[in-house]
Amino acid sequence: MRRFLLAGLALLVAAGTVHAFCGFYVAKADTKLFNQASQVVMVRDGDRTVLTMANDFKGELKEFAIVIPVPTVLQREQIHVAEKALLDHLDAYSAPRLVEYFDPDPCQEALYRQAVPAPRAAAESAVGGAADRAKSLGVTIEAQYTVGEYDILILSAKQSTGLETWLVENGYRIPKGASGVLGSYLKQGMKFFVARVNLKEQSKLGFSYLRPIQVAYESPKFMLPIRLGMVNAAGPQELFVYALTRKGRVETTNYRTVRLPSDAEIPLFVKDDFGSFYKAMFTQQVKKQDMRAVFLEYAWDMAWCDPCAADPLSADELRKLGVFWVERRDPRQGGMPGAQDVFLSRLHLRYDSAHFPEDLVFQETADRQNFQGRYILRHPWKGNASCTAAREYRKELGRRQDREAQTLASLTGWDVNKIRGRMNLKASAEGPAEDEPWWKAIWKD
Amino acid sequence: MNGARSSFRDPRLYQILMLSCLLVYGVVRLDLEVRPGRAALLLGMVLLTQYACTRLWRLPAFDPRSALISGLSLCLLLRTNSVWLAVLAAVVTIASKFVLRVRGKHIFNPTNFGIVFLMLATGGQVWVSPGQWGSTAFFGFLIACLGGLVVNRAARSDVTYAFLAFYLAVLFGRALWLGQPMTIPLHQLQSGAFLIFTFFMISDPKTTPDSRAGRILFALLVALGAGFVHFVLYRPNGLLLSLAFLSLLVPLIDLLLPGRRYAWSRPAAPEPVPVPSLLEERRFA
């Protein structure tokens, strides 16, 4: 029997549905964007923490297992299985968005706009078994539960070698080099949360995918263990962290947290391919930061959004994600769907062990300034009026479109001439005509 | 400390230049979350407070240099969304060195006190972002700091060396014990906040113990305290908290391990170079 040890946090971004703003259909982002991606929701206030973990496991369910270091032994009631839709909603709400404006008739005035979320992330998790042999290896099975479709074990151990032997004997394929990492967590007093799919329960429940696992605990450690997951990683992995806090924005204390470039005006064709744009831009930004930064993609008070890529999460959804300070609301009472007193920070990182040697450590700041990854499409005005303003407008339009091409090239690393080609900026391929020195036009035939 | 020649040799000018460059780089390139307006406000407020305290305590002359160093350090470290808290931090920072004194010696490094006091008193409305330094900034700043140490031969750099040795021992010792790769402690050291702390805070000659043995003991305690906060309590800002709380022990260390209080008028180095202006000027630093 071969099981994967997907330790730590792996996330994947799959295609998402498109939510339009104000009834306009703008673009769709399909197909999964990022491979090897995990999503984690971290709810935290004081030392109380609720983690929801999802990853993009695509193989046979019976081969799926995760091993996650946790700070405390968890009781049955501290473990829960969440609906995947919650994460999808959170993803849609916070995803980088495309906004459309229509240039007004320069001789008149009008304005529309709409938002489209970028492609989104999705995820799931997995599994473990137990034996008496454990004791002789110095492994203690602290607890054993079946929660939803998962069989869960909480293990502690005296020695990493004993733990490793136990895991191997119980069918977990341990990658080379994991022992050292396991040992370092053991010495820090961490327990191991091992989960795998209970196929019987799984078929009874009838889900075709793995639902996210949730754990609630109280610990001063505000961190995510990523080291175990990097041991057998084939390449860089993708992680989305949604931090839901009370006070304000969350940032990493041991890595730079950098805002994703935002509010850039980009060519219209991106509308049809927003997913590729987001992916290419993220890759380019990772490169620019030498893969040593965590990106802030969204920071917003959960009570509202502007523009909304999706509605804010309801109080009920937030409670399901573990936001324990939000009151349950009677739906009959109505009122705002968005909950108050919840601040969302969406962090996105691409990591490997060379650039992220240490686990992620976070802190909550009192910063409540809003931030969103927002990209702007400006539709030219197509009228044929010929007032002076319209002539000026047309002159400026060419320059503006070339600027958009250059912005897009700089954000994504795409070739600027290819971009110009896609934009049909024929004249601009050799530079915009408007930029010609004034004297070139004097004696032109 | 008289005349243009000696003020040219004032190591604080070098420090001010260094911190200013770092601040400009941080604002322009690093997204350090400090806007030029905020930096100007902090610097203006520290100078104003320094001036007010100079008048209030009837000091012979207004010297902006130490206050500027404190102000620049605040710009680089302190984060808050509230303008008033920023102003308060600047005032508290400078006022602390005039008010909180034991036997003519101020207890806390001003920037350290200003930040820790505001962090604790406001329940986190003020914070420090220790991770916001790229490696370019870190290594550039490291070289500048080490260079400053060599160039200035600051009399009490023993505390900086001792602290570096102890803190490295804590980080690397822990990694060895845990069986972690050495890239982890190396990564943990790559923080600009750590450099500001090591070269500008703990080295503050007016707040460190008088005797060399006392200073080395103090450096050891601060390194252990920082490790305790980070790795036992799992809280951020271990260095700042450790220094602030352990500074309270300095009068006791001075009592147990007495040493000659630094004499302002006398050069620290035996050679006749008017170097120790760092200490001299830092009488109220």
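Reader: In what order do the four strands of the open sheet in chain A stand?
Author: This is a predicted model, so treat the picture as a computed one. In the sheet, the pairing is antiparallel. Reading across the four strands of chain A, the order is 4-10-9-8.

Reader: Which strands stand at the edges of that sheet, each with a single partner strand?
Author: Look for strands that have one side left without a neighbour in the sheet. That happens because an edge strand has a single partner. In chain A the edge strands are strand 4 (65-70) and strand 8 (139-147).

Reader: By what angle are neighbouring strands of this sheet turned against each other on average?
Author: Here the direction of the strands is ignored. Taken as an average over neighbouring strands, the turn is 20°.

Reader: How many bridges join strand 8 of chain A to strand 9 of chain A?
Author: Strands 8 and 9 of chain A run antiparallel, and they form a hairpin with two residues between them. In the turn you'll find A:Gly148, with a positive phi of about 55°. One facing pair is A:Thr140 and A:Ser156, the latter in strand 9 of chain A. The number of bridges joining strand 8 to strand 9 is eight.

Reader: And on to strand 10: which residue of strand 10 of chain A stands opposite A:Leu155?
Author: Strand 9 (residues 150-157) and strand 10 (residues 191-197) of chain A are antiparallel and joined by six bridges. Go along strand 10 of chain A to the place opposite A:Leu155, and you reach A:Phe192.

Reader: Which helix of chain A packs on the sheet?
Author: The helix to look for touches strand 8 and strand 9 of chain A. Its direction makes about 155° with that of strand 9 of chain A. With residues 160-169, it's helix 3 of chain A.

Reader: Is helix 3 of chain A parallel or oblique to helix 4 of chain A?
Author: The two axes come within 8 Å and cross at roughly 125°. The crossing is right-handed. Angles over 145 degrees count as roughly antiparallel, and 65 to 115 as roughly perpendicular. The crossing angle therefore makes helix 3 of chain A, relative to helix 4 of chain A, oblique.

Reader: Which residues of helix 4 of chain A meet helix 3 of chain A?
Author: From helix 3 of chain A come A:Ser160, A:Thr161, A:Leu163 and A:Glu164. By class, this contact has four nonpolar, four polar and one charged residues. On the helix 4 side of chain A, the residues are A:Ala178, A:Ser179, A:Leu182, A:Gly183 and A:Leu186.

Reader: How many residues of chain B are in contact with chain A?
Author: Chain A puts 26 residues into this contact. Helix 4 (178-187), strand 14 (250-252) and strand 15 (256-259) of chain A each supply at least two of them. By class, the chain A side divides into five nonpolar, eleven polar and ten charged. For chain B, the count is 27.

Reader: Strand 14 turned up there, so which residue stands opposite A:Glu251?
Author: Strand 14 belongs to an open sheet of three strands in chain A, with the order 12-19-14 and antiparallel pairing. Three bridges join strand 14 to strand 19 (residues 360-364) of chain A. Opposite A:Glu251, in strand 19 of chain A, is A:Gln363.

Reader: In chain B, at what angle do helix 8 and helix 11 cross?
Author: Helix 8 (residues 158-178) and helix 11 (residues 212-231) of chain B have axes that come within 8 Å. Their crossing is right-handed, and the contact has 15 nonpolar, one polar and four charged residues. The axes cross at roughly 35°.

Reader: Which element of chain A has the lowest mean pLDDT?
Author: Chain A as a whole has a mean pLDDT of 78, with 80% of its residues at 70 or more. Among its elements, strand 14 has the highest mean, 95. Over residues 1-32 of chain A, the pLDDT is below 50. With a mean of 25, the lowest element is strand 1 (residues 11-13) of chain A.

Reader: What is the mean pLDDT of chain B?
Author: In chain B, 85% of the residues score at least 70. The value stays under 50 over residues 263-285 of chain B. On average, chain B has a pLDDT of 82.

Conventions: Residues numbered from 1 in each chain as written. Chains lettered and ligands numbered in written order. Predicted model: local features only at pLDDT ≥ 70, side-chain atom pairs only at ≥ 80, totals over all residues. Pairing = 2+ DSSP bridges. Axes fitted to C-alpha atoms, helices over the stretch in contact; angles between N-to-C directions. Contact = placed C-beta atoms within 7 Å. Nonpolar A, V, L, I, M, F, W, Y, C, P; charged D, E, K, R; others polar. pLDDT = per-residue confidence, 0-100. Parallel < 35°, antiparallel > 145°, perpendicular 65-115°, else oblique. Left-handed = near helix turned anticlockwise from the far one by under 90°.
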